[in-house]
Amino acid sequence: MHTRFPNAWDVFIAGGGPAGLATAIAARRHGLSVIVADGAVPPIDKSCGEGLMPDGVEALQQLGVTIPEGYAHPFGGIRFVSHGMKAEAVFPRGTAYGIRRTHLHRVLVEYAAACGVRTLWQSAVTGLHPEGALVAGELVRARWVVGADGTSSRVRNWANIDPHEPDVYQSDVHQPDAHKLDVSRNKTLRFAFRRHYRIAPWTGFMELHWGSRSQVYVTPVARNEVCVALISFNPKLRLRIEDMLEEFPDLASHLKEAELASSERGAITVTRSLRRVYRDRSVLVGDASGGVDAITGEGLCLTFRQANLLGDCLASGNLARYQRGHRAMFRRPAFMAHMMLFMAKHSHLRQRAMQVFQSSPRSFAGMLAMHVGEGSARNHISNGIALGWELLKA
Ligand SMILES: Cc1cc2nc3c(=O)[nH]c(=O)nc-3n(C[C@H](O)[C@H](O)[C@H](O)COP(=O)(O)OP(=O)(O)OC[C@H]3O[C@@H](n4cnc5c(N)ncnc54)[C@H](O)[C@@H]3O)c2cc1C
């Protein structure tokens with residue numbers, strides 16, 4: 001077969017988003033030759049809450065990547081706001097950052113280039129081949145093929161990695177018939193929109209506002225800008241940010257004078273784990289390999305941690321180890337996602353939990369510590385029992 005790419009690479013990566021670039025960097029650190037192909041042009045934007053939790057910052061640092069001054073805005077903790085009640089806690093360790101997706105992408109692209117990663121932009125991956133993968137129909141030879149092509153991964157299907165996966169994810173949230181998605185096949189499929197507002201952050205926290213039909217979270221991303229992301233179960237996609245603000249009077253009062261700094265961008269978000277994440281020489285990473293609901297703010301952290309491990313496992317040729325580690329990493333964020341979705345669905349319980357968090361800030365701090373992977377299992381269990389007891393007393 002004729003090809004523009006005569007060299008054989010150790011690793012071919014489909015998708016140059018956070019997962020693809022992070023994996024490329026990790027593999028280069030082990031001395032592997034790496035080529036990445038993405039259909040888009042950098043810096044790539046995406047609908048995202050743009051919060052990078054302290055454990056995510058640490059996972060990025062383990063890849064050798066630091067966020068340059070001026071690219072991101074620090075925040076010290078999380079605040080929940082629900083029907084007039086507020087609860088907040090600072091992170092037990094480290095700092096989180098709000099960072100525009102385009103800035104994060106720039107940082108990763110530059111670092112990958114400095115590490116010697118070859119990138120092909122505006123280059124869609126069109127299939128797999130026994131000797132590698134096809135980019136716009138042309139063969140790129142590689143020993144390993146990594147699918148870092150996001151939630152609707154085509155590599156996952158081509159490589160037959162998770163044949164049980166419903167094709168609901170192939171739908172595009174922007175399509176007019178997106179409301180016809182068969183949501184019943186996966187209860188945790190949700191719909192999200194994000195938009196930026198030009199306003200100085202009014203708090204040093206990332207805020208999560210709980211409403212009856214949706215949740216909105218606000219991340220400070222610059223000295224004069226916040227990112228607002230709205231997530232709901234509503235498949236009819238009628239819950240756009242502007243329409244929903246009346247349900248969040250506190251938030252609306254902050255945003256009413258603020259200039260819009262970006263257009264609205266939609267996405268689907270879903271919590272799901274795959275039965276396997278590799279087959280033969282093909283392997284998945286990031287959202288392609290499963291993920292957690294956006295409400296957790298843990299997607300990027302999980303992605304960077306997986307990338308770190310995958311680089312190591314590609315170098316040793318042991319993808320079974322990657323699969324085991326991947327499964328273990330997934331448990332905590334998935335548990336948090338299910339817990340938060342439970343709160344989203346059950347307003348009575350949520351309000352009771354908010355009362356407990358408000359009257360006992362330690363219990364909220366304990367939950368936040370668990371969320372970002374800090375503290376011992378013993379602390380988490382005793383905190384969970386104390387919280388459960390307070391809820392039962394309600
Ligand atoms: C609304 C929303 C809010 C979120 N908020 C947060 C948050 O605050 N904090 C957080 O940590 N996480 C958050 N997440 C999760 C986070 O965005 C994802 O976990 C992260 O983007 C995963 O990165 P990825 O590289 O796996 O996928 P993506 O970012 O989707 O990148 C996939 C890449 O693959 C490319 N691609 C796809 N198909 C092909 C093809 N055939 N050929 C070539 N290229 C291809 C695409 O162009 C894209 O660049 C949020 C998600 C959503 C939806």
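Student: Why is Gln-122 called exposed?

Tutor: In this predicted model, Gln-122 has a relative accessible area of 64%, and because exposed means over 50%, the residue falls in that class. Gln-122 sits in the loop between β8 (118-120) and β9 (125-129), and its phi is near 50°, a positive value in a residue other than glycine.

Student: And what makes Ala-136 exposed?

Tutor: The reasoning rests on the cut-off of over 50%: Ala-136 has a relative accessible area of 56%, so it counts as exposed. Ala-136 is placed in the loop between β10 (132-135) and β11 (138-147), and here too phi is positive in a residue other than glycine, with a value near 45°.

Student: Why does Arg-190 count as buried?

Tutor: Buried means under 20% relative accessible area, and Arg-190, at 0%, therefore counts as buried. Arg-190 belongs to strand β12 (residues 190-198), and, leaving aside its neighbours within four places in sequence, it is in contact with residues including Gln-215, Phe-233, Ile-268, Asp-293 and Leu-341.

Student: What makes the pairing of the Arg-190 and Asp-293 side chains a polar contact?

Tutor: A polar contact requires a pair of N or O atoms within 3.5 Å, one able to donate a hydrogen and the other to accept it; the side chains of Arg-190 and Asp-293 are joined by such a contact at 2.8 Å.

Student: How do you know that the span of helix α9 agrees with what its residues should give?

Tutor: The expected span is 1.5 Å times one less than the number of residues, so the 13 residues of α9 (residues 347-359) should span 18 Å, and the end C-alpha atoms are indeed 18 Å apart. Among the buried residues of α9 are Arg-350, Met-354 and Phe-357.

Student: Which polar atoms of Gly-49 and Tyr-217 lie close to a nitrogen atom of the ligand, and at what distance?

Tutor: For Gly-49 it is a polar backbone atom, 2.8 Å from a nitrogen atom of the ligand, whereas for Tyr-217 it is a polar side-chain atom, which lies 2.8 Å from a nitrogen atom of the ligand. Taken alone the ligand exposes 1000 Å², of which the protein buries 89%.

Student: Which element supplies the largest share of the shell around the ligand?

Tutor: That is α7, with 3 residues; α1 (18-29), β17 (265-269) and α7 (299-316) each supply at least two residues of the shell. By class, the shell has 14 nonpolar, 12 polar and 7 charged residues.

Key: Residues numbered from 1 in each chain as written. Predicted model: local features only at pLDDT ≥ 70, side-chain atom pairs only at ≥ 80, totals over all residues. Heavy atoms only, no water. Helix = DSSP H or I, 4+ residues; strand = E, 2+ residues; numbered from the N terminus. Buried < 20%, exposed > 50% of the residue type's maximum accessible area, 1.4 Å probe, protein only. Areas by Shrake-Rupley, 256 points an atom, 1.4 Å probe, with all protein chains shown as cover. Nonpolar A, V, L, I, M, F, W, Y, C, P; charged D, E, K, R; others polar. Contact = heavy atoms within 4.5 Å.
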